[in-house]
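Biologist: I am new to this structure. Please show it, and then I will ask about its strands and its core.

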Amino acid sequence: MSTVCPFRAGSAYGRGVAIPTTITCVDCGGVCSLISYEPDEGWEPGDIVAFRCRDCLDRWDVELTVEDIEA
Ligand SMILES: [Zn+2]
């Protein structure tokens with residue numbers, strides 16, 4: 001698990017939920033697209049959100065925190 005919090009780099013927000021649909025790849029600086037589907041009940045702290053980099057195809061699994069959702 002990376003110690004970097006990639007949510008700070010995101011700018012695209014959807015459906016009123018404060019998590020980004022893209023993040024910046026920590027490795028190559030490319031764009032990582034959200035590949036997880038939002039649960040019907042919405043995101044909750046502790047949910048694992050997966051992103052895949054369009055450039056290096058690395059997958060990033062990020063555990064949501066309260067700060068990520070309420071920010
Ligand atoms: Zn990358």
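Biologist: Over how many bridges do E5 and E6 pair?

Modeller: This is a predicted model, in which local features need pLDDT of at least 70, side-chain atom pairs count only at pLDDT 80 or more, and totals for chains, interfaces and linings use all residues. Residues are numbered from 1 along each chain as its sequence is written. Helices (H or I, at least four residues) and strands (E, at least two) are DSSP runs numbered from the N terminus, and two strands pair if DSSP finds at least two bridges between them. E5 and E6 pair in the antiparallel sense, and the number of bridges is five.

Biologist: Which residue in E6 is the bridge partner of Arg52?

Modeller: E6 covers residues 59-63. Within E6, Arg52 has as its bridge partner Arg59.

Biologist: Why is one side of E3 and of E6 left without a neighbour in the sheet?

Modeller: The open sheet has four strands in the order E3-E4-E5-E6, with antiparallel pairing. One side of E3 (22-24) and of E6 is left without a neighbour because each stands at an edge, with a single partner strand.

Biologist: Which strand gives the most to the largest nonpolar core?

Modeller: A nonpolar core is a set of buried Ala, Val, Leu, Ile, Met, Phe, Trp, Tyr and Cys residues joined through C-beta atoms within 7 Å. Buried means that 20 or more other C-beta atoms lie within 10 Å of a residue's own, with C-beta atoms placed from the backbone. The largest such core has eight residues, among them Val49, Phe51 and Cys53. With three residues, the strand that gives the most is E5 (residues 48-53).

Methods. Buried ≥ 20, exposed ≤ 12 C-beta atoms within 10 Å, placed from the backbone.
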